[in-house]
Amino acid sequence: MTTTRTIRTFTHLIGGREISSPTTFVSRNASDLADVLGVFPQATIEQVRGACLAAKDAFHRWRHTPAPVRGDLIGKIGTAIEREKEHLAYLVTREMGKTLKEARGDVQEAIDTCHFFQSEGRRLYGQTVPSEMPNKELATYRRPLGVVGIVTAGNFPVAVPAWKIIPALLTGNTIVWKPSDDVPLTAYALARLILEAGVPAGVFNVVFGPGRSGAGEHLVSMLDEGLLQKIAFTGSTAVGRKIGEIAGRNLTHPTLELGGKNPLVVMRDADLDNAVTGALWASFGTGGQRCTSAGNVLLDAPIYEAFRARFLARVAEIRIGDPNRYDDVLYGPFINERFFRSWEEHYTWGETDGGALLYGAGRITTKSRPPGFCGDPDTAFFGWPTVWEGVRPEMRLFQEEVFGPTVNLVRVNGIDEALEVANAVEYGLSSAIYTQNRLWAHRFKDDIQAGMTSINNSTTGAEAHMPFGGVKGSGNGTRESGIWVIENYTYWHGVNDDVSGVLQLAQMDTAYVAPGAPFHVADLCVPEMP
Ligand code: UN1
């Protein structure tokens, strides 16, 4: 659908001002690439530096704004997002391509995050600690880090930025945010709601542009200029490693939320209907474009054939199409052409590695469309739901994140092999097991190498106040959400307050109690112990 409405040009939001750039890019409707949603500026390195300097100038005042007052502002951000929930969700569906139901969930996750952190402003506890000296007090304080650079992906355009922005603001940091160039319109809308709530000029700044050779790289390079005290990133493991190196050489601790190839195990005693529904949603919900999507479904040998038959029957019924026009589709288009191309390439891995293709035929076109496809496939990049079997841990199909609608069925025999195979992947973000056996469920949650585990539920769908993050190739151990994220935006400051009026030397002047003469219990043992 081509429209005749005027296309609006947007600006960066830096230091309370609207700033344009010499070069621009456009945002498109993910389901109809001819539909342009807006024109956005591409920040130059000078503009990114300017944004960091604005954030640096604003830091002193913001860190001295009392935390309960900052919390109140977070509450106002939540209220603004809640008020605009339907419109924001509409933008998410158009720009990113997830269904409206999921888009509402994406926005709700940001509202939940605001609700959580609003009261955290009244609870940013430190500790009082006993001293070994008289008339001396010890206490700990959480201190903000300074200017935080935030770089986010396009698949959760509201929730994932909020996971970073909200706790960073609450704890007294100032921010420069570079949203994904797949979703600048949603990002702009979210940013305006954050500013509307009353965030002082310079505390929260937004720069637009591409990641590679653009605003994203410029922002990361500000670590080397000493203008950022932290970078927080959600995206691929390859980019995360590079950011981690730059952050490391500047002795800063980045937040890195990276890829996943998440295992979902179905044991022989599982409720198969529930497991098939869960596996279908985990693999194909959001078109597989969640870092928590299931990549390998591990099936216990006795139920392998039964599961496969039921799963394939359900896959053939999946409804796919433009979620703006069809409200019953399971998934829409690829977020961008790059994700489509790498998903398309994974078909060649299957051929090279010897995986057997059970279902799927690459890009959906007018000549090649699955039975559940609705509408015109040529308006964007849509992919067939794809299912492989005969996949083993040494294969690329098993190991690498694809970020698209594809899943591998992997045969295992018993809980020991299920765990061994589930842990054979280089990632460790999410995981799931379907079983009624409490011991198997217990062993899985005890031994699985992952940051998150579901028992009888999908690998996706973490709640907004649980620790989100992974192990191994999925990140550097930082966590988002809930109380755990606060560690990543503050440092602990230990304070000794000596009111004694004299120099008291810890460890040396401490009046440890002198022990009395030793008492030997053996003296009471009559007759003597053999
Ligand atoms: C992501 O894909 O980067 O747990 C985040 C989930 C969502 C968040 C996913 N709540 O699937």
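The legends below describe close-up views of a predicted model.

Local features are given where pLDDT is at least 70 and side-chain atom pairs only at pLDDT 80 or more, whereas totals for chains, interfaces and linings use all residues. Residues are numbered from 1 along each chain as its sequence is written, and side-chain values use heavy atoms, with hydrogens and water left out.

**View 1. The largest nonpolar core and Trp 177.** The largest nonpolar core, a set of buried Ala, Val, Leu, Ile, Met, Phe, Trp, Tyr and Cys residues joined through side-chain atoms within 4.5 Å, has 118 residues. Here buried means under 20% relative accessible area, exposed over 50% and partly exposed in between (1.4 Å probe, protein chains only). Ile 77, Ile 81, Trp 177, Val 266, Phe 307 and Phe 311 have the most contacts inside this core. Because domain 1 (28-258 + 481-491) and domain 2 (262-462) both give residues to the core, it lies between them; the domain bounds come from an automatic or database domain assignment. Apart from this core lies another, of 26 residues, among them Ala 54, Val 147, Leu 219 and Val 220. Leaving aside neighbours within four places in sequence, Trp 177 is in contact (heavy atoms within 4.5 Å) with residues including Ile 150, Pro 161, Leu 190 and Phe 204.

**View 2. His 12 in strand E1.** His 12 is found in strand E1 (residues 12-14), where strands (E, at least two residues) are DSSP runs numbered from the N terminus. His 12 counts as buried because its relative accessibility is 0%. The side chain of His 12 makes a polar contact with the side chain of Ser 21 at 2.7 Å; such a contact is a pair of N or O atoms within 3.5 Å, and within protein one must be able to donate a hydrogen and the other to accept it, while residues adjacent in sequence count only if both atoms are side-chain atoms.

**View 3. The surroundings of the ligand.** Among the residues around the ligand, each with a heavy atom within 4 Å of it, are Glu 109, Trp 163, Arg 290, Cys 291, Gly 461 and Ala 462. A backbone N or O atom lies 2.9 Å from a ligand oxygen atom in the case of Cys 291, 3.0 Å in that of Gly 461 and 2.7 Å in that of Ala 462. Cys 291 counts as buried, at 18% relative accessibility.

**View 4. Backbone geometry at Asn 135.** Although Asn 135 is not a glycine, it has a positive phi of about 55°. Asn 135 is placed in the loop between strand E5 (128-129) and strand E6 (136-144), and is exposed, with a relative accessible area of 51%.

Methods:
Helices (H or I, at least four residues) and strands (E, at least two) are DSSP runs, numbered from the N terminus.
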